Amino acid sequence: VAHSSPARFPSSFTAANSPVLLSRKHEMSDLPDSLKYSKWDHIEVSDDEGDSHPNIDQKLMARLKKEKRARDYEEFRKMHPDAPDPIRAEELKTSVNKTVINSTNKETEKQKEAKKCKEAGNKHFGKGEYAEAEEWFSKAIELSLEDATHTEAKKQLAVYYNNRAAARSNMGKPQEAIEDATAAIKLDFRYVKARLCRAKVYEAEEELKAAYDDYKRAMSYEPNNAQARSGVDRLQPAMDKLAEEKLIEIKIPDVIPENRTIKYNVPGHGEIELELPEDAQPGQTIKLQMEEEEEKEPEEEGEGGGGLHRHADLYQKSLDTYFTDPVFNQVFHDRWFKMAEEGRMAVIDRTFDAMVQQTITNTSGYKMSKADLYLLCPEIAPERRREMAKKPELFIDTCKRSVADTDEKAKKWLEEQQAVLANTQIAFGMRLQFQISVNTEGGIEVMAPIRRLLVAETFVCVFEALTGKKAAEMPHMQGA
């Protein structure tokens, strides 16, 4: 079960280009005006940000923005002299190498070249020049194989394989097309285009069961996909007929055993045990429909087992990295402890609220109400936020407890809080079709990694805001 990508700040909000103090979204009536950061989200914006209409002098706009940014910054510094200075990436160094905070995942030269090859292949494909298209798609695949180590790179490689499958299908190379489409599906199991491409080839080769399975699987991912639905409807009569033909006739022996179980050798399935219904009569002939094993969607692999456990482990490791990396740790501590209470409160509110909003509006994986989320994860509830803003050490201690959390500890906590969490519900599953709680059988086992993940991921967002280093850029997150 995969958790959708965490809420993130816009690229312009980073430690490298803006002060850290942020505005709170709601009214802080209990504070004096001097402590209300109601005006500031961040100060610096990129020079090319804004209206790009051709009739507007862009150089003039950039200059005016730069001048306004300087005035705003000076005003901000006068109003809030305790705010930490912006830290530039180039000022940060480790003992060995210069560390650039805010580095981004850039495409390798081979990946850039592969995309160019794909574009060239697409042009030839559009002209019906399938041999040339096949050649260009093959080059794209060759250039991408080495770097296909994380999810996005694998998905891009899947596109190249599927494009080549389409070219080969049009060249009258059905088996090679099936192999390429299958390679694409292995890289991206839910790649509907590859499913439909393979289904089309299977159908043309009169492998109707395989074609039907691909159409049906594609439709399960995209219920409104017209091609998938048409394929299922078109092949359904053939599937019904095939099912009828596969019915196995079994004659009940003249003497029925006391346990009403007989053994029967079924071609293609070996020996099976069949428990006879109560109304079965000696010598009677019955028809048996053998179920075929469906293609299973691969589970996520990696440390921590399944998807939820693994993602919880990864975000806990990211949180730990902000403490163990000397540069990130120094940047965070310098900023966190220099900020006034309201500055910390603003950062906490903005990051926590972004994660809360993502969780309560999630459409896949898991979803819950805001009230239930705060019961499951009291560390991020509003009443705890003010405490952490007042006592900066408390926030750090809470983060370290999150790093040390395990499924066993989370389960124990859930069991202790069972009465409080009795009415807490989590919508769970690919289409949020299941409702689980601490009282559901197996509910605590599922809720434990969800709790670990939500707490760690929320705290990670605070560190991302203050250091400018995104967790997704850390080595252990590549391919996650």
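A residue is called buried when its relative accessible area is under 20%, and exposed when that value is over 50%. With that in hand, helix α15 makes a handy way into this predicted model. Its buried residues are D407, A410, W413 and L414. Looking down the axis of α15, these buried residues stay within an arc of 125°, so they line one face of the helix. The spacing fits a general rule. An α-helix has 3.6 residues a turn, so residues three or four places apart point the same way. Over on the other side of α15 sit E408, K412 and E416, which are exposed.

Stepping back, the chain has 480 residues, and buried ones make up 44% of them. It is built with 16 helices and seven strands. Counting contacts with a separation of 6 or more, 66% are between residues 24 or more positions apart. The accessible surface adds up to about 26200 Å², and carbon and sulfur atoms account for 49% of that.

What lies inside? The largest nonpolar core has 52 residues, and the members that touch the most others are L376, F395 and L414. At least two residues of this core come from each of α9 (307-324), α10 (326-338), α11 (341-360), α12 (370-376), α13 (382-390), α14 (392-403), α15 (407-416) and α16 (443-467). The top contributor is α16, with 13 residues. L414, then, turns up twice: on the buried list of α15 and among the core members that touch the most others.

F395 deserves a closer look. Setting aside its neighbours within four places in sequence, F395 is in contact with F332, W336, F352, M388, F459, V462 and F463. Apart from this core, there is a second, separate one of 32 residues, whose members include F189, A194, Y202 and V232.

Aromatic rings come next. The structure holds 11 aromatic pairs. One of them is Y322 with F463, a stacked pair with 5.1 Å centre to centre and 25° between the planes. Y322 belongs to helix α9 and F463 to helix α16, so this pair ties together parts of the chain that are 141 residues apart in sequence. Y322 and F463 are both buried. F463 also pairs with F323: the ring centres are 5.3 Å apart and the planes meet at 70°, so this pair is edge-to-face. Here again distant parts of the chain are linked, with F323 in helix α9 and F463 in helix α16, 140 residues apart. Both F323 and F463 are buried. These rings belong to one aromatic cluster, made up of Y322, F323, F328, F332, W336, F352, F395, F459 and F463. F395 is in that cluster, and its contacts include the cluster members F332, W336, F352, F459 and F463.

Some rings also have a charge for company. The charged end of R451 sits over the ring of W413, 4.1 Å from its centre. W413 is one of the buried residues of α15. Elsewhere, the charged end of R195 sits over the ring of F189, 4.6 Å from the ring centre, and F189 is a member of the second core.

R195 leads on to D214, in helix α7 (residues 208-221). Is D214 buried or exposed? Its relative accessible area is 2%, so D214 is buried. Leaving out neighbours within four places in sequence, D214 is in contact with R195, R198, A199 and Y202. Y202 is also one of the residues in the second core.

E206 sits in the loop between α6 (192-204) and α7. Most residues other than glycine have a negative phi. E206 has a positive phi of about 60° although it is not a glycine. With a relative accessibility of 67%, which is over 50%, E206 counts as exposed.

Last comes R234, found in helix α8 (residues 226-245). Its relative accessibility is 42%, so R234 counts as partly exposed. Not counting residues up to four places away in sequence, R234 touches E203 and Y215. R234 and Y212 are 22 residues apart in sequence, and their C-alpha atoms are 9.0 Å apart in space.

Methods. Residues numbered from 1 in each chain as written. Predicted model: local features only at pLDDT ≥ 70, side-chain atom pairs only at ≥ 80, totals over all residues. Heavy atoms only, no water. Helix = DSSP H or I, 4+ residues; strand = E, 2+ residues; numbered from the N terminus. Buried < 20%, exposed > 50% of the residue type's maximum accessible area, 1.4 Å probe, protein only. Contact = heavy atoms within 4.5 Å. Areas by Shrake-Rupley, 256 points an atom, 1.4 Å probe, with all protein chains shown as cover. Core = buried A, V, L, I, M, F, W, Y, C linked by side-chain atoms within 4.5 Å. Arc of directions from axis to C-beta. Phe/Tyr/Trp six-rings, centres within 6.5 Å; stacked < 30°, edge-to-face > 60°. Lys NZ or Arg CZ within 6 Å of the ring centre and 35° of its normal.
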